[in-house]
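Work through the exercises below with the sequence and the coordinates open. Each task is followed by a solution in steps.

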Amino acid sequence: MPLVFCPNCSNALTIARADSTNQHPMGVNRFECRTCPYEWALEKKWYDRTELKQKEVEEALGGKDEWKNADSVATQCPKEGCNGERAYFYQLQIRSADEPMTTFLRCVKCATQWREN
Ligand SMILES: [Zn+2]
Ligand SMILES: [Zn+2]
């Protein structure tokens with residue numbers, strides 16, 4: 001999620017769900033400023049356009065910093081021949097704010113990386 005700042009007071013905006021309207025019965029996401037009344041309604045399309053490209057996702061997978069303090073979780077390594085039963089993991093929001101986060105995993109044994117969701 002990119003950080004967006006309020007044009008009025010330069011505070012980081014937070015994402016919120018606006019009330020539903022006839023045009024957007026599901027409501028629409030919007031940025032809100034916590035310290036002033038600034039609001040910026042977002043159409044769903046805004047997210048589609050800023051979705052991470054596959055390549056960027058792969059780069060995120062290979063990033064070293066993400067793994068530095070990663071916790072590990074009991075899971076099954078998907079690599080054939082590896083019986084790894086633990087993987088480091090971290091989570092990233094790479095889609096719309098209202099969808100579940102994507103979990104990136106890396107086998108502690110063979111360093112195979114994969115993601116779930
Ligand atoms: Zn503001
Ligand atoms: Zn493995």
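The exercises cover confidence, a small sheet, a group of cysteines and two backbone angles, all in a predicted model.

**Exercise 1. Confidence**

Task: State the average pLDDT of the protein chain and the share of residues that score at least 70. Then describe residues 45–49.

Solution.
- Step 1: The chain has an average pLDDT of 78, and 75% of the residues reach at least 70.
- Step 2: In residues 45–49 the pLDDT is below 50. Beyond near neighbours in sequence, this stretch makes 2 contacts in the model.

**Exercise 2. The sheet of strands 1, 2 and 3**

Task: Determine the strand order, the edge strands and the bridges of the open sheet that has 3 strands.

Solution.
- Step 1: The order is 1-2-3, with antiparallel pairing.
- Step 2: Strand 1 and strand 3 each pair on one side only, which makes them the edge strands.
- Step 3: On average, neighbouring strands of this sheet are turned by 30° against each other, ignoring direction.
- Step 4: Between strand 1 and strand 2 there are 4 bridges. Thr14 has Glu32 of strand 2 as its bridge partner, and Arg17 is placed opposite Asn29 of strand 2.
- Step 5: Strand 2 and strand 3 are joined by 3 bridges, again antiparallel. Here Phe31 faces Trp40 of strand 3.
- Step 6: Strand 2 and strand 3 also make a hairpin, with 6 residues between them.

**Exercise 3. The annotated cysteines**

Task: Which residues does UniProt list for "binding site", and why do they count as one spot? Then place Cys33 and Cys36 and decide for each whether the residue is buried or exposed.

Solution.
- Step 1: The UniProt record, an unreviewed entry, lists Cys6, Cys9, Cys33 and Cys36 under "binding site".
- Step 2: These residues span 31 residues in sequence, but no two of their C-alpha atoms are more than 8.6 Å apart, so they gather at one spot.
- Step 3: Cys33 is located in the loop between strand 2 (29–32) and strand 3 (39–41). Cys36 is likewise in the loop between strand 2 and strand 3.
- Step 4: A residue is buried if 20 or more other C-beta atoms lie within 10 Å of its own, and exposed if 12 or fewer do. Cys33 has 20 such neighbours and therefore counts as buried. Cys36 has 12 and is therefore exposed.
- Step 5: Setting aside residues up to four places away in sequence, Cys33 touches Cys6, Asn8, Cys9, Asn11, Leu13 and Tyr38. With neighbours within four places left out, Cys36 is in contact with Cys6, Asn8 and Cys9.

**Exercise 4. Positive phi angles**

Task: For Ser10 and Ala111, give phi, then the location and the exposure class.

Solution.
- Step 1: Most residues other than glycine have a negative phi.
- Step 2: Ser10 is not a glycine, yet its phi is positive, at about 65°. For Ala111, also not a glycine, phi is positive at about 65°.
- Step 3: Ser10 is in the segment before strand 1 (14–17). Ala111 is in the loop between strand 6 (102–107) and strand 7 (113–116).
- Step 4: Ser10 has 9 C-beta neighbours inside 10 Å and so counts as exposed. Ala111 has 14 C-beta neighbours inside 10 Å and so counts as partly exposed.

Methods
Residues are numbered from 1 along each chain as its sequence is written. Chains are lettered from A and ligands numbered from 1 in the order in which they are written. This is a predicted model: local features need pLDDT of at least 70, side-chain atom pairs count only at pLDDT 80 or more; totals for chains, interfaces and linings use all residues. UniProt positions are given in the numbering used here, feature names are shortened, and annotations may be inferred rather than shown by experiment. Helices (H or I, at least four residues) and strands (E, at least two) are DSSP runs, numbered from the N terminus. Two residues are in contact if their C-beta atoms, placed from the backbone, lie within 7 Å. pLDDT is the predictor's confidence in each residue, from 0 to 100. Two strands pair if DSSP finds at least two bridges between them. Axes are lines fitted to C-alpha atoms, for helices over the stretch in contact, and angles run from 0 to 180 degrees between N-to-C directions.
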